[in-house]
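Visitor: Could you take me through one part of this structure in some detail? I would like to follow it outward from a single spot.

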Amino acid sequence: MEETFAIFLASTLRLAMPLMLAASGELVSERSGVLNLSLEGMMLTAAFFGALGSWATGDPYLGVGCAILAALCVAAVQAWLSVNLRANQLVVGIGFNILALGATTLLYRIIFGGLSREEIPGLPKLAVPGLSDLPFAGTAFFQQSVIVYVGLGLIVLIWVMLNHTSFGLAVRAVGDEPRSADKAGIPVAATRWRAVLVTGFMAGVAGAFISIADIHTFTENMTNGAGYLALAAVIFGGWNVGRTIAACLLFGAATALQFQLPAMGINVPTAFLLMLPYLLALLAVAGVVGRLEPPTSLTLPFQRGK
Amino acid sequence: MTALALASSLPDRRRLAGISIPFAAVVGSMAVGLLLIAASGKSVPDAIDAFLDGAFGTAFAFGASVNRAVALSLVGLGFILAFRANLTNVGGEGQIAVGGIAAAALALWPPIAGLPLGLAVIVPLLGGTLAGAFWGGIAGFMKVKFGTNEVISTLLLGFVALLMVYWCVQSTALLRQPQTSSATLPESLPIPDPTKLPGLTGDSESPLHVGLIICLVLAVVTAVVLQRSTFGLRLRAIGLNELAARRAGMPGGVLLVVALAIAGAFGGLAGAIMLQGEQYYLKTGFSSGYGFDGLVVGLLSRGSTVGVLAGALFFGFLRSGGISMEIMAGVPAALTLVIQGLIVIAVAGSVILVDKLERGSR
């Protein structure tokens, strides 16, 4: 029982980690008024280029760098289209997801050939001295890949940035009242650009976690909807960092349970567990679990004087 | 006289300029595709041959492409109807899924197959349509009742519906075929022959079915509703200024729910047609991304019914050609996704430019 629980904790964290990274980044952008449906595409692109970089250089850390760079490129184009060209953010997002799936699959076939399962150099696991020996939670929480600790640090950083810095204030201002923000001298376009780049950076780390730290290879469509799940987590989290992280852990736990419950002899349809995150997010936006308000200008482009 | 001719030709020229950008996006993206084929070391002429063959070459290929276009058109038509009321229906994928589930459940229910007068085909089609309408209606209800943004609700409902398909085909208590061995696939039984959509050509080689007729009729109806009916005008009014429309005495809430329910109905019908016309049994991933493609078709059409049909045909042929390219020329079908993604991004990005051109530069 204790062992099952330890495995459950470990797999929850493993499944929640990419969600937490991606969702915390997406949160910043959404608070500024830009919805990146392309989150899935950013993560998939990052996972691919992370794997490619790690494989080509033999250095997993360079791989992480490649992953972040690749996701930032996608984010930059997304920002340019959504902010400067005032394109429909949903369409651009869907376009990127189609493109990312196509491009990574195509490049993978061209570079690695066929359906090879080439192993790539992964990130080392780091045991926190003392804590990693704790009973059952020890291995789950304190014997993780380096990227987990760095990632958790980044999430805290995002929380501080959003709630306690002038940049965070600007982000929230342009997301809710771009017109007033503009009159108050806050550069709307520049703030949104930065916010989308934060999303890109975090999606890059999330993608790198999946391919370099977790699976140690790239497979076609390996993010498999994690980006959409992260979007649902932001919604269920009510556009608030703490609640969003809690939502990611909950979603991770629900996904982990599909392997755990059968082992414990409990029969719950897997489909229901997989559906749970989306159902919860639906209930949340319906206002069943407390009233949640998205940023007022979410998905609305801003144009001065209009 | 010349001045008059000039004046009347002006809007056309602007319109032409507006169309030229999506056209350039398509040509440019195709060129990138060709470059990628060359870069992957495959023969470009072979790939083009395989593409054309797969898209138009045989009666089978042509029929499959058109059938694909029918599903995309239906989702796209529903999309532009709701979009007229300024509602963005992102849930086409889920509406196809619930439509497919309902159609499969009805078609597999023994009494249905025995119905006379084509009812065996019509009842599952209607069931799928109603299921889609219900699914879209939920989003409309949430919007009116709780003020929930329909982009978010339709997206989430979409994922729920996709997992419902998964659930249905995993559980023998629902739609999974009886498990005779461990190798039994998680799929439904094939639907009985009387519930399948009749073919259109009589040629057994061609999968082309009456879905095409249904789609064309609905396209005309949509165009008429949008341009000539009070309902279309009301949708437009509520889309332009909801408050003003309500003040003018229009039932705002009801209109919003109805608009999303209609969009959902089109998606549900597309799902039923896909099931009864081509796939014949329900399986995970049966909606094949057509919901998202259909949304893109709807958006790129800029509200025009003809635009929806043209875009759907283009994407339909693109997908079929891509599959054939993979089989016959060894070029991964993922290439067509690259082309499609580039087109979507380029067209979405050039909207301001198109608007400027159409209005004339100010």
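Visitor: Between which helices of chain B does the loop with B:Tyr280 lie?

Guide: Happy to look at that with you. This is a predicted model, in which local features need pLDDT of at least 70 and side-chain atom pairs count only at pLDDT 80 or more, while totals for chains, interfaces and linings use all residues. Residues are numbered from 1 along each chain as its sequence is written, with chains lettered from A and ligands numbered from 1 in the order in which they are written.

B:Tyr280 sits in the loop between helix 11 and helix 12 of chain B (helices are DSSP runs of H or I, at least four residues, numbered from the N terminus). Its phi is near 70°, a positive value in a residue other than glycine. B:Tyr280 counts as partly exposed because 19 other C-beta atoms lie within 10 Å; 20 or more would make a residue buried and 12 or fewer exposed, with C-beta atoms placed from the backbone.

Now to the helices on either side. The largest nonpolar core has 231 residues, and B:Ala259 is among those touching the most other members. Such a core is a set of buried Ala, Val, Leu, Ile, Met, Phe, Trp, Tyr and Cys residues joined through C-beta atoms within 7 Å. Helix 11 (residues 252–279) of chain B gives this core its largest share, 17 residues.

Turning to the chain contact, 38 residues come from chain B and 38 from chain A, where contact means C-beta atoms, placed from the backbone, within 7 Å. Helix 12 (290–300) is one of the chain B helices that each supply at least two residues to the side touching chain A.

Methods: Contact = placed C-beta atoms within 7 Å.
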